[in-house]
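Here are my notes for a colleague who has not yet looked at this entry. They are set out as numbered points, to be read beside the structure.

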Amino acid sequence: MGLTQKTIIIDERNIQAIFGQFDINIRKIEKAFNISYVYRGDSLIIEGESSKVDSAERVINDLLIISKNGNSITDQNVDYAIRLAQEGNGEKASDLETDDELICHTLAGRPIRPKTFGQKKYVEAIDDNMIIFGTGPAGTGKTYLAMAKAITAFKKGEVERIILTRPAIEAGEKLGFLPGDLQSKIDPYLRPLYDALYEIMGAESFQKNMEKGLIEVAPLAYMRGRTLDNAFIVLDEAQNTTESQMKMFLTRIGFGSKAIVTGDQSQKDLNAGTKSGLDIALRVVKDIEGIAICNLTSKDVVRHPLVQKIVEAYEKYDSRNKPKNDNRNKDHRRS
């Protein structure tokens with residue numbers, strides 16, 4: 001197959017952003033599409049197989065739009081732009097880097113917006129529904145985006161309070177021996193929620209609102225017997241709920257409230273033989289109007305690219321070994 005060349009005009013203001021520090025961005029593109037490049041004056045010349053050159057050109061132009069709009073180009077931008085070009089479905093990473101997609105800013109001024117089209121659908125589902133289930137592997141932004149939407153709704157006065165909860169289940173470690181009162185033992189389970197609150201809202205603002213009872217961070221067990229009106233509720237790590245806990249939670253939701261349930265169905269810490277309340281709920285409520293189910297995948301991982309590769313490797317491992325485990329369980333039941 002013959003080689004072809006294309007020239008892309010990039011001025012000095014954007015060339016550093018496109019190439020990246022030590023040319024890391026352009027080298028990723030070169031490796032992904034097996035092309036070669038030369039930069040002369042304001043012209044970036046790329047050479048390779050025709051289809052590969054077209055894809056590389058799409059990535060570079062996509063990143064160029066991000067840079068021209070005044071946004072920094074991150075590793076995640078580059079990796080996602082490459083993935084979209086390889087899939088060839090016409091979606092562009094630059095479409096996510098707009099003011100329309102902005103949710104809020106962190107205390108340090110960093111914009112928070114969906115970074116993948118899966119996350120975009122998740123955020124849109126939060127806007128359009130009363131109860132939202134967000135499932136997917138680690139690093140897909142399920143909890144962080146939910147927290148950002150909760151804090152934004154609270155600041156706008158759309159809800160009167162924020163309630164954040166998760167089941168207090170040990171992830172393979174017994175923590176009951178740790179010193180301190182009940183709150184001291186519970187806090188480690190809730191730490192990821194605190195971290196997101198501190199980053200987006202700030203520790204001082206969080207503490208003030210918590211003292212006023214406007215923000216509550218508590219184990220799921222504390223939700224029993226309550227009706228939660230005019231609140232934005234986030235249930236995290238829902239894969240570790242039991243069937244009765246999930247039913248209890250879903251029936252707490254009152255008027256003017258919105259609830260987001262997040263969980264990773266591949267990381268359960270329940271006792272052997274205990275069915276996950278999340279798994280059951282997804283089957284029970286899937287046809288109810290006003291409830292949305294968003295399934296994020298390894299394509300939506302926005303942590304280090306290595307995390308995405310680890311998630312995909314585990315998915316392949318599980319798919320290879322699951323049938324064997326299922327057959328073994330059937331044989332055991334027959335015996």
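1. Y122 is a good place to begin in this predicted model. Setting aside residues within four places of it in sequence, Y122 is in contact with I132, G134, G141, K142, L145, A146, I260, T262, C294 and L296. One of these partners, C294, is buried, at a relative accessible area of 11%.

2. Y122 also belongs to the largest nonpolar core, a set of 35 residues. Along with L164, L197, V217 and F232, Y122 is among those with the most contacts inside this core. At least two core residues come from each of α5 (117-128), α6 (142-155), β7 (161-166), α7 (182-201), β8 (215-219), β9 (231-235) and β11 (291-295). The element that gives the most is α6, with eight residues. As background, nonpolar side chains in soluble globular proteins tend to be buried together.

3. Another core lies apart from the one just described. This second core has 28 residues, including L64, Y80, I82 and L96.

4. How many aromatic pairs does a search of the whole structure find? The search finds six. In one of them, Y194 and F206 meet edge-to-face, with 5.7 Å from centre to centre and 70 degrees between the planes. Y194 is in helix α7 and F206 in helix α8 (residues 203-211), so this pair ties together parts that lie 12 residues apart in sequence.

5. The ring of F206 also pairs with that of Y198. Their centres are 5.4 Å apart and their planes stand at 70 degrees, so this pair too is edge-to-face. Are the residues of these two pairs buried or exposed? F206 has a relative accessibility of 0% and counts as buried. Y194 is buried as well, at 6%, while Y198, at 28%, counts as partly exposed.

6. Elsewhere in the chain, F19, Y37 and Y39 make up one aromatic cluster.

7. Two backbone angles deserve a look. Most residues other than glycine have a negative phi. F22, which is not a glycine, has a positive phi of about 55 degrees. This residue sits in the loop between α1 (12-19) and α2 (24-33), and F22 is exposed, with a relative accessible area of 72%.

8. The second case is E237, again not a glycine, with a positive phi of about 55 degrees. Its place is the loop between β9 and α9 (243-250). E237 is partly exposed, at a relative accessible area of 26%.

9. How many disulfides does a search of the whole structure find? The count is zero. As for individual cysteines, C104 counts as buried at 14% relative accessibility, and C294 is buried at 11%.

10. A last point concerns confidence. The mean pLDDT of the chain is 87, and 90% of its residues reach 70 or more. Among the elements, strand β6 (residues 131-135) has the highest mean pLDDT, 97, and helix α11 (residues 305-334) the lowest, 66. Over residues 325-335 the pLDDT is below 50. Beyond near neighbours in sequence, that stretch has zero contacts in the model.

Note on methods: Residues are numbered from 1 along each chain as its sequence is written. This is a predicted model: local features need pLDDT of at least 70, side-chain atom pairs count only at pLDDT 80 or more; totals for chains, interfaces and linings use all residues. Side-chain values use heavy atoms; hydrogens and water are left out. A nonpolar core is a set of buried Ala, Val, Leu, Ile, Met, Phe, Trp, Tyr and Cys residues joined through side-chain atoms within 4.5 Å. Buried means under 20% relative accessible area, exposed over 50%, partly exposed in between (1.4 Å probe, protein chains only). Helices (H or I, at least four residues) and strands (E, at least two) are DSSP runs, numbered from the N terminus. Contact means heavy atoms within 4.5 Å. Rings of Phe, Tyr and Trp (its six-membered ring) pair if their centres lie within 6.5 Å; planes under 30 degrees apart count as stacked, over 60 as edge-to-face and the rest as tilted. A disulfide is a pair of cysteine sulfur atoms within 2.5 Å. pLDDT is the predictor's confidence in each residue, from 0 to 100.
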